[in-house]
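Colleague: I would like to learn how to read burial, packing and surface patches in a model. Please take me through a case.

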Amino acid sequence: MNCSYCTREKASRDMSEETLIKACELAFSSGNSAGLSFFGGEPTLKKELIIKAIEYCKEKEKQTGKRFRCKMTTNGTLLDDNFLNYAKLSGLEIAISYDGTAQNVCRKFADCSNSGKMAEEKARLLLSYMPQSYAMLTLAPDAVTELYNSVKHLYDIGFRKISATPAYGKNVNWNDDDIAKLEDELVKIADFYSDVFKKDIRLFFSPFDSKITSCIRGTSPKDHCQLGIRQLTVTTDGTLYPCTQFIGKSAFCLGNVTDGIDAEKRQALSLIDTTPEICRQCDLKDRCTNSCSCANIMETGEMNRISPLQCTYERMLIRICDNMAEKLYSEYPYKFRKRYM
């Protein structure tokens, strides 16, 4: 694939089986549970290693009594019946990166040909095996007017878990006109989401669900991150980083799978308050992703400096979600409490 908004370096780097096993051992080295998330690049280029990792960890689960979970994000190009059957039986959760009706705008093959037809076929195949799978949609300014259509398309083919995230980074350029169009699209999605809610159909649409539940339950997006503590990124050569956006930044290297985690450096990183100074007095600071170091790094190059794009998007999103939630609660208080409280 050669997606226009992608910030990943295109390179052929493969993880060895030895590094893989060491990563599995590290996952089981502490805590009461263990997990692996296969990410890329494109992880299904190495299906045999994914299977080897899962089988190894299943044995570790029996030996240690620690619960093991695994998941994967894929562009779907290499999904097939054999692998999906294995994934279903082994408990591998799969999320597919699929932009719906906007797929052909930004998500091209390496030869610049369209990927939409293939992506839909693979998405339908995934749903036939695992109907609770996630569709992960990226909002690019080039395709912003297709956002509502894309969400509706994903719903219509069977997805009930849909994630939509703005494209950040050096390869996209949002302007005021794009932002205005994005707001129109989100309002249309809010109306659609409300209609689905009223029919008692359970649709999880992030970011709507996360904004509503975090407000009601008094949680903050930063509670879910715990940079470098909750999870670690293992590169193909076994180097450890707190998240994928920090790969290659030596200041954030937290060790390697052979020598282990640099505990002192990891602890110091986890104690950094990543809330930008400009956000500290904002009434929305605890409902906003201002402290997301990954998004901040991509947009501003600094982990605790938010971009105007992210600030504008978050304010817009919270306003739309609050208006929608207020209407739903006033009309269906019991149903609303059952769903979100």
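Modeller: Start with burial: a residue is buried under 20% relative accessible area, exposed over 50%, and partly exposed in between (1.4 Å probe, protein chains only). This is a predicted model, where local features need pLDDT of at least 70, side-chain atom pairs count only at pLDDT 80 or more, and totals for chains, interfaces and linings use all residues. Residues are numbered from 1 along each chain as its sequence is written, and side-chain values use heavy atoms, with hydrogens and water left out.

Colleague: What percentage of the residues of the chain count as buried?

Modeller: Of the 341 residues, 46% do.

Colleague: How do I read the overall dimensions?

Modeller: Use the radius of gyration, taken over C-alpha atoms; the globule rule is 2.2 Å times the number of residues to the power 0.38. For 341 residues, a compact globule would have a value near 20 Å, and the chain agrees with 20 Å. Its C-alpha atoms fill a box of roughly 55 × 45 × 45 Å along the principal axes.

Colleague: How many helices and strands are there in the chain?

Modeller: Helices (H or I, at least four residues) and strands (E, at least two) are DSSP runs, numbered from the N terminus. The chain has 12 helices and 10 strands.

Colleague: Which elements pack against the buried residues of α8?

Modeller: Contact means heavy atoms within 4.5 Å. In α8, the buried residues are F208, D209, K211, I212, T213 and S214. They pack against α7 (176–198), β6 (204–206), α11 (308–331) and α12 (333–340). After α8 comes G218, with a positive phi near 70°.

Colleague: Where do the buried residues of α12 lie around the axis?

Modeller: Look at the arc, which is that of the directions from the helix axis to the C-beta atoms. F336, R339 and Y340 are buried in α12. Their arc is only 75°, so they sit on the same side of α12. Exposed Y334 and K338 are on the face turned away from that buried side.

Colleague: Which residues make the nonpolar surface patch of about 280 Å²?

Modeller: Patch residues have over 30% relative accessible area and no salt bridge; like charges are joined within 9 Å, nonpolar side chains (Val, Leu, Ile, Met, Phe, Trp, Tyr) within 5 Å. A salt bridge is a side-chain nitrogen of Lys or Arg within 4 Å of a carboxyl oxygen of Asp or Glu. Areas come from the Shrake-Rupley method with a 1.4 Å probe; for residues, only the protein chains shown count as cover. Here I216, Y329 and M341 make the patch. I216 belongs to α8 (residues 208–217) and is partly exposed, at 33%.
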